[in-house]
Amino acid sequence: MTDTDNSNQLLLRAASASVLVSLLLIALKGAAFWRADSVALLGSLTDSALDFFASLINLLALKAAFRQPGKKHCPAIIKAQAHAGYALAAVVLAASVYLGWRAFWQIWTPVPFEEGFFGVAVSVFAILASLSLLTYQKNVIDKTGSATISTDRLHFLGDIMLNLAVILALLIATGAEIPAADGIFGMGIAAYVAFSAVMIAVNSRDMLKNKGTGVIPELKK
Ligand SMILES: [Zn+2]
């Protein structure tokens, strides 16, 4: 196995780890939202869905690129990846508008809900999972210098803040019985999700602009 093969394997494994972790978080957050009808939890679930599709696109692009050794630039793959990114950004932006609308009503006419504790436990688990993923990815970035994984990492750092916001929202809404708090934190999370969608779109635009100049950074070598 050459050094490049090794580094490709590491990148694929890191990208797969992101896909698996977000899939697990979707299942857990889905169950938590089913128990407690919280806007903050719904926002957190939406973000994990975004994470799942974004890392899946990433993984598929890497796989396709590694299948064509020798070709340093793969315009077709980059184009497909960018268009998938645009589609994802559009869907997530629409979802964030819906989240904002629900958050607004939860502030205006707060509806109390119970069973927030499971959501708190899931969010604590999500923080631990994000931290493990970040440590693992740091390791892979040190070995490969991958920009794709670096972008992914930045987002998972933001997710730690998001999960802390969900924990506060649930504790204040169910513990202190101020359900409007769920709407206020939910609004912030809707904004974060919208921002993430815009970043995906900007990233896709940059990929198309630099088409053919080796935007899949791993292939520059
Ligand atoms: Zn996320």
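In this short talk I will go through the helices of this structure, its nonpolar core and one helix pair.

Please keep in mind from the start that what we are looking at is a predicted model. The protein chain has 6 helices and 0 strands, so that, read from the N terminus, the order of elements is simply α-α-α-α-α-α, since the definition in use counts helices and strands as DSSP runs. Of its 221 residues, 43% count as buried, and among the contacts between residues at least 6 apart in sequence, 83% join residues that are at least 24 apart.

Let me turn to the interior. The largest nonpolar core has 54 residues, and those with the most contacts inside it are Ala40, Leu41, Leu99, Val166, Ala169, Ile189 and Val193. Each of the helices, from helix 1 (3-35) to helix 6 (180-209), supplies at least two residues of this core, while the largest share, 12 residues, comes from helix 2. If we leave aside residues up to four places away in sequence, Ala40 touches eight listed partners, among them Val166, Ala169 and Ile189, and also Asp182 and Gly186.

Now, how are helix 2 and helix 3 oriented relative to each other? They pack at an angle of about 180 degrees, with their axes 10 Å apart, and because angles over 145 degrees count as roughly antiparallel, the two helices are described as roughly antiparallel to each other. Among the residues making this contact are Leu42, Leu50 and Phe53 of helix 2, together with Leu88, Val92 and Leu99 of helix 3. By class, the contact has 16 nonpolar, 5 polar and 1 charged residues.

Definitions and conventions
Residues numbered from 1 in each chain as written. Predicted model: local features only at pLDDT ≥ 70, side-chain atom pairs only at ≥ 80, totals over all residues. Helix = DSSP H or I, 4+ residues; strand = E, 2+ residues; numbered from the N terminus. Buried ≥ 20, exposed ≤ 12 C-beta atoms within 10 Å, placed from the backbone. Contact = placed C-beta atoms within 7 Å. Core = buried A, V, L, I, M, F, W, Y, C linked by C-beta atoms within 7 Å. Axes fitted to C-alpha atoms, helices over the stretch in contact; angles between N-to-C directions. Parallel < 35°, antiparallel > 145°, perpendicular 65-115°, else oblique. Nonpolar A, V, L, I, M, F, W, Y, C, P; charged D, E, K, R; others polar.
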